[in-house]
Amino acid sequence: MPLQVTTGTVMLVSIASTEQQIDTRQQMAIQLAASQFHYRYCQLGLDRSQVAGTVLSPRERECLSWAAQGRDTTEIGDILAISDNTIKFHPKNVLHKLGCHNRVQAAVKATCMGLIHP
């Protein structure tokens, strides 16, 4: 399972199982665990001044919290009664603010930083 960790760098995670296939929910759980591991590993050298100044808007926190619970763009839009474009806009800002490459990584990092509580 590939996990993009920086631009141009991909970490590969391999999981062994007796099952022929794993479902989407299990894949998401593995990706989340891999992201958590990588985030914690990188946290060893994290500059605390970067963390202290990070502020997410209420809507950014809301969208990211639902994404952290495994909801996709359409589901989040239905829950919050806002358009898909708006749902895509807020996480894009979060990715930039947190220096992440995908929603899973952002959800893990925001949770660890105490910015969201999924």
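Start by selecting E60 in this predicted model and showing what surrounds it. Beyond residues up to four places away in sequence, E60 touches V55, H90, N93, V94 and K97. Colour residues 58-68 next: this is helix α3, where E60 is found. Is E60 buried or exposed? With a relative accessibility of 4%, under the 20% cut-off, E60 counts as buried.

Now move to L64. Setting aside neighbours within four places in sequence, you will find L64 in contact with L56, V94, L98, R103, A106, A107, A110 and I116. Keep L64 selected and add V94, L98, A106, A110 and L115: in the largest nonpolar core, which has 13 residues, these six touch the most other members. Which elements give two or more residues to this core? They are α5 (84-98) and α6 (103-112), and α6 supplies the largest share, four residues.

Apart from that core lies another, of six residues; pick out C63, A67, I76 and I82, which are among them.

Stay with C63 for a moment and then jump to C100. C63 has a relative accessibility of 1%, so it counts as buried. C100, at 8%, counts as buried too. If you are looking for disulfides, the count is zero, taking sulfur atoms within 2.5 Å as the rule.

Finally, colour the protein by pLDDT. The average is 79, and 78% of the residues score at least 70. Among the elements, select helix α4 (residues 73-80) for the highest mean pLDDT, 91, and helix α2 (residues 48-52) for the lowest, 51.

Notes: Residues are numbered from 1 along each chain as its sequence is written. This is a predicted model: local features need pLDDT of at least 70, side-chain atom pairs count only at pLDDT 80 or more; totals for chains, interfaces and linings use all residues. Side-chain values use heavy atoms; hydrogens and water are left out. Buried means under 20% relative accessible area, exposed over 50%, partly exposed in between (1.4 Å probe, protein chains only). pLDDT is the predictor's confidence in each residue, from 0 to 100. Contact means heavy atoms within 4.5 Å. A nonpolar core is a set of buried Ala, Val, Leu, Ile, Met, Phe, Trp, Tyr and Cys residues joined through side-chain atoms within 4.5 Å.
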